[in-house]
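Student: Could you take me on a close look at a single part of this model, the place where the chains meet? I would like one connected account that I can follow with the structure open.

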Protein chains: 2
Amino acid sequence: MNVSIFSVLAALLLASTAAAGEAPAPAPNGISLPVGYQDWRVIGTSHREDNNTLRVILGNDTAVEAARTGHTRPWPDGAMLGKLVWKDATHPAWEKATVPGEFVHVEFMIKDAEKYRETGGWGYARWKGLDQVPYGNDAGFVQECHGCHTPVRDNDFVFTHPAVMP
Amino acid sequence: MNVSIFSVLAALLLASTAAAGEAPAPAPNGISLPVGYQDWRVIGTSHREDNNTLRVILGNDTAVEAARTGHTRPWPDGAMLGKLVWKDATHPAWEKATVPGEFVHVEFMIKDAEKYRETGGWGYARWKGLDQVPYGNDAGFVQECHGCHTPVRDNDFVFTHPAVMP
C-alpha cells in the first residue's frame with residue numbers, strides 16, 4: 001500500500017514538473033537562458049536577406065536605458081541584448097510584406113567587460129527552436145560568435161544600432 | 001515692477017513647459033497618443049517591400065496577453081496595438097541586412113467593440129515623425145484606415161499575426 005501511494009505521488013510529481021515546463025539547459029559556456037526575455041523592451045529589428053530571416057532585438061532594462069540615452073560605445077556592464085529570429089514568411093493578405101514564420105532561435109549578448117574580456121567583453125549564447133536547445137558542442141562555440149562580430153568592433157561588437165523612435 | 005516680474009515668470013513658465021515636452025496633439029477623431037507605448041512588449045515585426053519600410057508591432061498588456069493565449073479573433077476590448085514604422089536602411093557592415101532608418105510614424109489600433117462599432121470595433125490613430133504630428137485633416141481619416149484593413153476582416157481587421165515565440 002505504501003509503495004502504491006509512493007508511486008502515485010511520484011507520478012503526480014513528474015506530471016507537475018513537466019506541466020510547469022523545465023528550464024532549458026544552459027549553454028555550453030555556462031550561460032543560462034535569461035528568464036522572461038520575451039517581456040524585454042524593443043531596441044530594433046532587421047531583415048537579413050542573405051539568409052531570409054526577420055529579427056527583433058530586445059534589451060533588458062540596463063540595455064534599453066543605454067540605448068535610449070546613447071550610451072552604447074561601450075554598452076554598460078549588465079546590459080543584455082536578445083535577438084529573436086524567424087524564417088521569412090509572406091503575409092497571407094499582403095504579398096509584398098515579409099512577416100515572421102517559423103521560429104529559428106533566440107541569441108543573447110551579455111555585457112561584462114571583465115568576465116568576458118576574451119570575447120570583447122560580451123558573453124554569447126543561443127537557444128534553438130521552440131524547444132530552446134542550447135547551441136554549440138562545447139564552450140568553444142563562442143569563438144564563432146566573436147569572430148562574426150569582430151567586423152563591428154568599433155560599435156562595441158554589436159551589429160544593432162538602436163532604432164530611432166520618439 | 002510687478003508687471004516686469006510677471007513677464008519674467010511667464011517667460012520662465014513657457015520655457016519650462018517647452019523643455020518638459022508638450023504632449024502631441026490628439027488625432028482628429030479625439031484619440032490621444034497612448035503614453036509610454038515605447039515600453040510596450042513586442043507582438044511582431046514586418047518588412048513591407050512595396051513601400052520599403054520596416055515595422056515593429058507592440059501591444060499593451062491586454063493585447064500581449066491576448067496574443068500569447070491565442071485570443072485574437074476577436075481581440076478583447078482594451079487591447080491596443082502600436083506599429084512603429086521606419087524607412088528601410090542598409091546595415092553599414094552587412095549589406096544584405098535591412099535595418100530601421102528614418103522614423104516614419106507610429107500608428108495605433110484601439111479595440112472597443114461598442115465605441116468603434118462603425119469601423120469594425122477598432123479606433124485608429126497615427127502620429128507622423130519624431131514630432132508626432134497627428135495624421136488626418138478631420139475625423140473622416142479613419143475611413144481610409146478601415147478601408148485598408150477590410151480585406152483582413154476575417155482576422156478581426158488586424159494584419160498582424162502574433163509572431164510565434166517560446
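Tutor: Happy to! Buried area is the accessible area (1.4 Å probe) that two parts lose on being put together, summed over both. By that reckoning, chain B and chain A bury about 3,500 Å² between them, and 66% of this area is on carbon and sulfur atoms. In chain B, the residues that lose the most area to chain A are Thr45(B), Trp94(B) and Pro166(B), together 19% of what that side buries.

A word on the ground rules. This is a predicted model, in which local features need pLDDT of at least 70 and side-chain atom pairs count only at pLDDT 80 or more, while totals for chains, interfaces and linings use all residues. Residues are numbered from 1 along each chain as its sequence is written, chains are lettered from A and ligands numbered from 1 in the order in which they are written, and side-chain values use heavy atoms, with hydrogens and water left out.

Counting contact as heavy atoms within 4.5 Å, 38 residues of chain B are in contact with 39 residues of chain A. How do the copies relate? A turn of 180° and a shift of 0.0 Å along the axis lay chain B on chain A with an RMSD of 0.0 Å (superposed by least squares on the C-alpha atoms of residues with pLDDT of at least 70 in both). That is the relation of a two-fold axis. In chain B, the C-alpha of Arg41(B) is the nearest to the axis, 2.9 Å from it. The same surface serves both copies, since 100% of the contact residues of chain B recur in chain A.

Now zoom in on Thr98(B), which lies in strand 4 (residues 94-111) of chain B; strands are DSSP runs of E, at least two residues, numbered from the N terminus. With a relative accessibility of 10%, Thr98(B) counts as buried, because buried means under 20% relative accessible area (1.4 Å probe, protein chains only). Across the chains, the side chain of Thr98(B) makes a polar contact with the side chain of Glu49(A) at 2.6 Å. A polar contact is a pair of N or O atoms within 3.5 Å; within protein, one must be able to donate a hydrogen and the other to accept it, and residues adjacent in sequence count only if both atoms are side-chain atoms. Leaving out residues up to four places away in sequence, Thr98(B) touches Thr45(A), Ser46(A), His47(A) and Glu49(A) in chain A, along with His47(B), Leu54(B), Asp88(B) and Ala89(B) in chain B.

Terms used:
Helix = DSSP H or I, 4+ residues; strand = E, 2+ residues; numbered from the N terminus. Buried < 20%, exposed > 50% of the residue type's maximum accessible area, 1.4 Å probe, protein only.
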